[in-house]
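Reader: Please take a close look at the packing of the helices around the annotated site, and follow it outwards to the neighbouring helices. I should like the contacts, the geometry and the burial treated together.

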Amino acid sequence: MAATSGRSHLYPNVLNRENGTKTINGENDNEARMDLLRNVVIDHHRNNVKQRHKSGDLTPNDAGPIDGSVNKSAVPWYKKDFTENSLEDDVNKSQNSWSAADQQLAQDVSSTAVLTSRVGEEIEDLEITEIDRGNWSGRFDFLMSLLGYSVGLGNVWRFPYLAYSNGGGAFLFPFIIMFILLGFPLMFLELSFGQFAALGPAAIFDRICPLLNGIGHAMVCVSCMVAFYYTVIIGWAFLYMFKSFASELPWERCHKDWASERCYSHKDAADCTATNGSVYYLQNCFNKTEVERLNISSLAHNKSDRAPPAQDYFERDILGVTESIEDIGGLQWQIVLCLLLTWTLTFLSLSKGVKSVGKVVYFTALFPYVVLTILFFRGVTLDGAKDGIIYYLTPNFDKLIVAETWVKAAVQIFFALSPAWGGLITLSSYNKFHNNCFKDSLIVGVGNVCTSIYAGFVIFSIVGYLAKELETPINTVVDEGPGLAFIVFPDVVTRLPVPPLWSFLFFFMLITLGMGSEFALLETVMTAVQDTYPPLRQKKVFVVLGGGMYVLQLMDTYSASFAVFIMAILECVIIGWIYGADRFLRDIETMIGQRSKFWHYFFIFFWKFLTPATLIFLLLFNLVDYKRMSYKKKPYPVWAELLGWFMTFIPVLVIICMGIWRFYRSPKEKTFVMKLKKMLHDTPKWGPASKIPRSDSSLDIEGGKSRIVTNPGFTTTGNETRI
């Protein structure tokens, strides 16, 4: 099939240069590219002429009639016979008369590796393959990255706290129910969404729903804020890990440099009471005579006023916690150096793209399970571990009738799987087109739930031991958030054999958990920058190179709370109602193959009704049940609360402002309603990452009948695809 000037259309199959293919539909490579370029440029020129006529910028005589026919008295260069010259020569000849956009179009077409047009229609709005974004080296690279992203610090400290404070074993029931209602449907939606278009959140929403294109940028804002304070926690873990390289851990005893009056060292107490009649009180060892003379025996046995050395060490030495957020305090040079180390390691892992991250996450995703298993077998052998596990598993069914229990279970699922943060879309956008993202969602989703439950056994066995050692109730031992990771566990390891070893293993596990999530959070930001400015993909190294407890608590509470619920609701609206859940499921089937009717009905029902309804309930309940923040029972000042709410509404403002701006800048339509309708629907640029023929409701071929088009590049259901 030689290229001739008389044919107006060419419909090539996939050209795969990596496999050495040198022909398109049997044509010589150079001829086919010249033929395709000619037709693309002609149609591109016709479209420009039509648009300029509509806007009144030129008359029909300026560039030929509106119907696209050519004035024979002045045949432009792009209507000449291309077979007489090479493609490169013709492009060079046209550079002076061509617009910059036309030159870029020709350059892209001449170097494109995958090009497929639709049968029976003009090559309008042709999307040219951009610079290679990169792909995961293998399927397990993606699975490990996804596992490292979803299984994080929240599984270790947040889930156990929520369990024992919300019904113990009974909490598992709403936790699993919320996974079915929210976690799995949203996770599968985002993984298939990113994989289908091979775009990060900043670019993908602009194509499927231009009016709400700000959702992707809002997700990037959330990921960016979370990544910054997440780095602080990783920095703390690094510092503790380095402090573990000692014969005796610095928080095993009360040191005068940082210890408060309440500091109580069980090690000093054991050394003191080894002498008959001696009593350890206020960091001093009183002999039998002094105890009787000062009458301090009853005071020394009052355990309610004790603080473990690990608590004073963390708050007074590591952080230098002040009286309130109004006094931020100075820089802690040790933490600054550990933060620098964290950012350096993150940069080195991300600078080479997802291929390098895919190798690092094999360690960061799997190593925490090794440590958890070691801690589990050590924990269940401790005295008192049985009491802790029984407390963990004993259900308090009264909590199931309290709405707050269900809300906290849903929030935990949201923090565990991280939908609407942009990370799931980003990671899946680097998948191969026919990767089974449905299976990935099941594996990682169920694995995340099981990891949380497993971590509960590990933690409560140790907490039961600690409660027996301190002779205090179990529900007063564990604290939420950083208190568990940096106070309770450091105190526990001082009571185990070879404390430095256990301390090193635990904090190294925290580092790997945190880094796994950090990679995905920052990759979301990097992908957004590169999808918005594609040339930067070749300069990723330079793109990547580009607090205290009160601040951390503030950001943790507000940076990813209400806004995340709003973005998840809007995602369901876009996919379920605007684009169409059934239509999106058919898109998914082009990637993973045909599925059953029940499979279709399940996700249609959840994406359109059940999941968004649950999210709306959670959002409203959180607003109604809102309480002012506090740390150590000290409420935050009003200005800090306002700052927190400002962080909450940054993503919401991004969505609103970008939607208004995009609506204002869009081409003029006849009426406001027509313009709004157009802005709510997908653009011609929306489509699969793999350029395969696909169903198009606006395409009319031979009276609406479909055709069969051979396409060797699409192999999921064979080598034939209906369009």
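Author: Helix α5 (residues 139-150) and helix α19 (residues 437-470) cross in a right-handed manner; the term applies when the near helix is turned clockwise from the far one by less than a right angle, and anticlockwise gives left-handed. The model is predicted, so that local features need pLDDT of at least 70 and side-chain atom pairs pLDDT 80 or more, while totals for chains, interfaces and linings use all residues. Residues are numbered from 1 along each chain as its sequence is written, and side-chain values use heavy atoms, with hydrogens and water left out. Helices (H or I, at least four residues) and strands (E, at least two) are DSSP runs numbered from the N terminus.

Two packed helices are described by the angle between their axes and the distance between the axes. For α5 and α19, the axes come within 10 Å and cross at roughly 35° (lines fitted to C-alpha atoms over the stretch in contact, with angles from 0 to 180 degrees between N-to-C directions). From α5, the residues R139, F142, L143, L146, L147 and S150 are in contact (heavy atoms within 4.5 Å) with K439, D440, I443, V444 and N448 of α19. Six of these residues are nonpolar, two polar and three charged; Ala, Val, Leu, Ile, Met, Phe, Trp, Tyr, Cys and Pro count as nonpolar, Asp, Glu, Lys and Arg as charged, and the others, Gly among them, as polar.

N448 of α19 leads to the annotated site. An unreviewed UniProt entry lists G148, V151, N155, N448, L513 and S517 under "binding site"; its positions follow the numbering used here, and annotations may be inferred rather than shown by experiment. These residues spread over 370 residues of sequence, yet they cluster in space, with a largest C-alpha distance of 13.2 Å.

N155, one of the listed residues, belongs to helix α6 (residues 153-165). Its relative accessible area is 3%, so N155 is buried (under 20%; exposed is over 50% and partly exposed lies in between, with a 1.4 Å probe and protein chains only). Beyond its neighbours within four places in sequence, N155 contacts S150, P160, N448, T451, S452 and A455. Two of these, S150 and N448, also take part in the contact between α5 and α19.

S452 continues the path along α19. With 0% relative accessibility, S452 is also classed as buried. Apart from residues up to four places away in sequence, S452 touches N155, F159, F175 and Y392. The C-alpha atoms of S452 and R158 are 9.1 Å apart, although 294 residues separate the pair in sequence.

The next pair involves helix α7 (residues 172-197) and helix α26 (residues 597-624), whose axes approach within 9 Å and cross at roughly 115°. α7 is therefore roughly perpendicular to α26 (65 to 115 degrees; under 35 is roughly parallel, over 145 roughly antiparallel, and the rest oblique). The crossing is left-handed. On the α7 side, M178, I180, L181, L182, F184, P185, L186, F188 and L189 take part, facing W599, F603, F606, W607, L610, T611, T614, L615 and L618 of α26. This contact has 16 nonpolar residues, two polar ones and no charged ones.

Between α7 and α8, the loop contains A198. A198 is buried at 15% relative accessibility, and its phi is near 55°, a positive value in a residue other than glycine. Most residues other than glycine have a negative phi. L282, in the loop between β3 (279-281) and β4 (284-286), has a positive phi too, near 50°, but is partly exposed at 45%.

Helix α8 (residues 201-208) follows that loop. Seven of its eight residues are buried, so α8 is largely enclosed by the rest of the structure; they are P201, A202, A203, I204, F205, R207 and I208. The axes of α8 and helix α9 (residues 214-243) come within 6 Å and cross at roughly 165°, and the two helices are therefore roughly antiparallel. Their crossing is right-handed. P201, A202 and F205 of α8 make this contact with I215, G216, H217, M219 and V220 of α9, which gives six nonpolar, two polar and no charged residues. Further along α9 is S223, buried at 0% relative accessibility and in contact with W421, L521, T524 and V525, leaving aside neighbours within four places in sequence.
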